[in-house]
Amino acid sequence: MNEQLKLGLPKGSLQAATLALFKKAGWDVSVAGRSYFPSIDDDTITCALCRAQEMAINVENGTLDVGLTGRDWIAEYASDVHVVTDLVYSKVSAKPARWVVAVAYDSPVQTLEDLQGKTVSTELVGYTKRFFDERGIDVKVKFSWGATEAKVVSGLADAIVEITETESTIKAHGLRVIHELMQTNTQLIVNKTAWADPAKREKIEEMAMLLKGALVAGKLVGLKMNVAKADVEKVVNLLPSLHAPTVAHLYQSDWLSVETVVDSGAVRDLIPRLLKEGAEGIIEYPLNKVVNK
Ligand SMILES: Nc1ncnc2c1ncn2[C@@H]1O[C@H](COP(=O)(O)OP(=O)(O)OP(=O)(O)O)[C@@H](O)[C@H]1O
Ligand SMILES: O=P(O)(O)OC[C@H]1O[C@H](OP(=O)(O)OP(=O)(O)O)[C@H](O)[C@@H]1O
Ligand SMILES: [Mg+2]
C-alpha cells in the first residue's frame, strides 16, 4: 500500500467496545489524553476518533477510508458507502440495539396512528420523519441533543424515538415501547474509491476477517480433557463441536486427550456431564480469534 489507510474509530458509546475488539483482533490502539488521533501499532494505518453520527459522512467523502459506526447513522444520512461486514456488538453487549417508539406508561397512545398530530422527540430526526411520512402519520419531529427519555416525563414530547439496548433507561423513566423501528449493530464501512484500490481493499478485507474472528471467539471457549479409551465415544457424543473434536494419544498411556471448541454458555451444563461420562482433568480456556474461510 502506497498510502496509509485512514481508519475512523467511533467516539462515544461504541469506543470502549471497539478498542477492545481491535486489541483482540491484533491491533493495539491507544488514546492519549484528549487527543482525537489515537496511535496504533501498525505503520500502514492512521487512526482518528470520530462521532458515530458523522462517521458515514466522513467515509463517503473520503476524509476516512474505512470506519466503524452503527447501521442507524448510516441509514439516517443514507450514506453512499460500501458495507464490508456487520460486527454485531453494542455498548454493553454483543447483541444488536433497537430504535423504538416509546410513550409514558399511562399514555392513551397504543398504536403509531394514535400519534397523529403529536410531538416526537429524537436524535434520529431524518429517519424518524421518513418513517412517519411513509405511513401517512403527521407528527412534529423535534431534534433532541440527548437525555431524550426525560422529554416525555417532563411533558416536552408525547413520544420519543430512542435507542435501547438493555431497556434500563426506558424503564427508569416509566416508559412503554409501542413499536420497533429498526435494529442496529455496528458495521465496518468503506469509501467506494478506497474499496476500488486493490491494496487498500486487501488490507480492509484482512481487517474485517480478524475483527469478525475476534467477535466470534468472544462467544466460544476451548475445552480440553483426558478420557480413557473405553469412554471416548460417550464423551465425544456430548461435544457440540465446530468440527469433529481432536483426539490425541497421551504418551505411553491408554488415555486419550480430547480437545474442542464450544459455546461459552453451554459449558456450565456440559462439564458435569463430561465428568459423569469419564472425562478427567478438564480445562477451559478463552479464545482470541476463531477464523473460518
Ligand atoms: N446502549 C447504547 N446506547 C447508545 N448507543 C448505542 C448503544 N449501543 C450501541 N449504540 C450505538 O452507538 C452509536 C451511538 O453513538 P453516538 O456517538 O451517536 O452516541 P453516544 O455514544 O451515545 O454519545 P453520547 O454519549 O454523547 O450520547 C450508534 O450507532 C448506536 O447504534
Ligand atoms: O437501553 P439502555 O441499555 O438503557 O441504553 C440506552 C440508553 O443509552 C443511550 O444513552 P446515552 O448514554 O448515550 O445518553 P444520551 O441520552 O445523553 O445520549 C441511549 O440514548 C439510551 O438513553
Ligand atoms: Mg447517546
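## Exercises on cores, a sheet and two loops

Of the 28 residues in the largest nonpolar core, those touching the most other members are Leu 7, Leu 9 and Phe 22. A nonpolar core here is a set of buried Ala, Val, Leu, Ile, Met, Phe, Trp, Tyr and Cys residues joined through side-chain atoms within 4.5 Å. Buried means under 20% relative accessible area, exposed over 50%, and partly exposed in between, with a 1.4 Å probe and protein chains only.

This is a predicted model: local features need pLDDT of at least 70, side-chain atom pairs count only at pLDDT 80 or more, and totals for chains, interfaces and linings use all residues. Residues are numbered from 1 along each chain as its sequence is written, chains are lettered from A and ligands numbered from 1 in the order in which they are written, and side-chain values use heavy atoms, leaving out hydrogens and water.

**Exercise 1. Trace the largest core.**

Step 1. List the elements that each supply at least two residues: S1 (5–11), H1 (15–25), S4 (45–51), S5 (66–70), S12 (186–190), H7 (192–196) and H8 (198–217). Helices (H or I, at least four residues) and strands (E, at least two) are DSSP runs, numbered from the N terminus.

Step 2. Find the largest share. H8 gives six residues.

Step 3. Take Phe 22. Leaving aside residues up to four places away in sequence, Phe 22 touches Leu 7, Leu 9, Trp 27, Val 29, Leu 68, Met 207 and Leu 211. Contact means heavy atoms within 4.5 Å.

Step 4. Look for another core. One of 21 residues lies apart, and its members include Ala 52, Trp 73, Phe 132 and Val 139.

**Exercise 2. Which strands stand at the edges of the four-stranded sheet?**

Step 1. Write the order. The open sheet runs S14-S15-S13-S16, with antiparallel pairing. Two strands pair if DSSP finds at least two bridges between them.

Step 2. Pick the edges. S14 (246–249) and S16 (280–286) each have a single partner strand, so one side of each is left without a neighbour in the sheet.

Step 3. Check one pair. S13 (residues 220–228) and S16 share five bridges in the antiparallel sense. Lys 224 stands opposite Ile 283 in S16.

**Exercise 3. Examine positive phi at Ala 78 and Ala 147.**

Step 1. Take Ala 78. Its phi is near 45°. Ala 78 sits in the loop between H3 (71–76) and S6 (82–87). Ala 78 counts as exposed because its relative accessibility is 62%.

Step 2. Take Ala 147. Its phi is about 45°. The loop between S9 (140–143) and H5 (149–153) holds Ala 147. At 61% relative accessibility, Ala 147 is exposed.
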